[in-house]
Amino acid sequence: MLSIFLDYISDNCTIFNQKCVVCSATNTRNGICQPCLDELPELTGERCPVCAVPAPENQPCLDCRARGDALDALHVSYEYCYPLAQIIHSFKYHKHIELAGVLGFVMWRKLGTIPPRFDVVIAVPLSNERLAERGFNQSELLREELPGPGSRPPSPDWCWRKYNTRPQASLGRDRRARNLADAFGVEHRCDGLCIAIVDDVSTTGSTLFELASALKNQGAKRVEAWVLCQAFSTFT
Ligand SMILES: [Zn+2]
Ligand SMILES: [Zn+2]
């Protein structure tokens, strides 16, 4: 897999005639061939509209009911498993930011463009320390791949992550929720606004819920999340 990524990164300089990031097929468009695109792991069946766990009749699950209604809806492109999990890992932890193009392509191809009723679209922020360590915010790079740059809602810099929280991947479910309590700050009133938040991977939905809560506390009318992958295991 790694050698495929390295070939992919060294060879792909344009949208056209790229190697497929999954199978290395040549002359693909947007970095993934049609057969691999067709095989990406879609979420199927009835699911909780807030955290995407399987739930009868698409009703909110017990966990989400207990958390309240800060997050109005969750839109997820795919399940977090092969091959997207490996590509996202390479993107985030090996700093192959070139992969933002193909990841953004598959994400927004599935989700479509954020509808015009949204007033702003905000990438889930990283803490300053995490941003310095990684060098980029992966969610911001995915947001930048949104189709229609001229017509998308603006992306104001209103939110920040207050604490240098421990990596979510190293914590269990309960500790993740505690780790995120009051994790976000919003420095601008959001009265009456419809806000879309963008993230790369959601696991329990806690990060999205906390950011949505912070935005609602500043008066946001509606907050929906647009996410590339939903992970269903404890660790991502
Ligand atoms: Zn392929
Ligand atoms: Zn739920």
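Reader: Which geometry does the site of the zinc ion (ligand 2) have, given the angles among its 4 donor atoms?

Author: This is a predicted model, in which local features need pLDDT of at least 70, side-chain atom pairs count only at pLDDT 80 or more, and totals for chains, interfaces and linings use all residues. Residues are numbered from 1 along each chain as its sequence is written, ligands are numbered from 1 and chains lettered from A in the order in which they are written, and side-chain values use heavy atoms, without hydrogens and water. Four donors count as tetrahedral if all angles lie between 85 and 135 degrees. The angles at the zinc ion (ligand 2) run from 106 to 117°, so the site is tetrahedral.

Reader: Which residues are the protein donors of the zinc ion (ligand 2)?

Author: Donors are N, O and S atoms within 2.8 Å of the metal (3.2 Å for Na, K and Ca), and since water is not among the atoms, sites may look incomplete. Lying 2.3 Å from the zinc ion (ligand 2), the SG atoms that serve as donors belong to C48, C51, C61 and C64.

Reader: Is C51 buried or exposed?

Author: Buried means under 20% relative accessible area, exposed over 50%, and partly exposed in between (1.4 Å probe, protein chains only). With a relative accessibility of 1%, C51 counts as buried.

Reader: What spacing do the donors of the zinc ion (ligand 1) follow along the chain?

Author: The zinc ion (ligand 1) is coordinated at 2.3 Å by the SG atoms of C20, C23, C33 and C36. Along the chain, these donors follow the spacing C-x2-C-x9-C-x2-C.

Technical notes: Four donors count as tetrahedral if all angles lie between 85 and 135 degrees; four count as square planar and six as octahedral if opposite donors are over 155 degrees apart and all others between 65 and 115; anything else is irregular.
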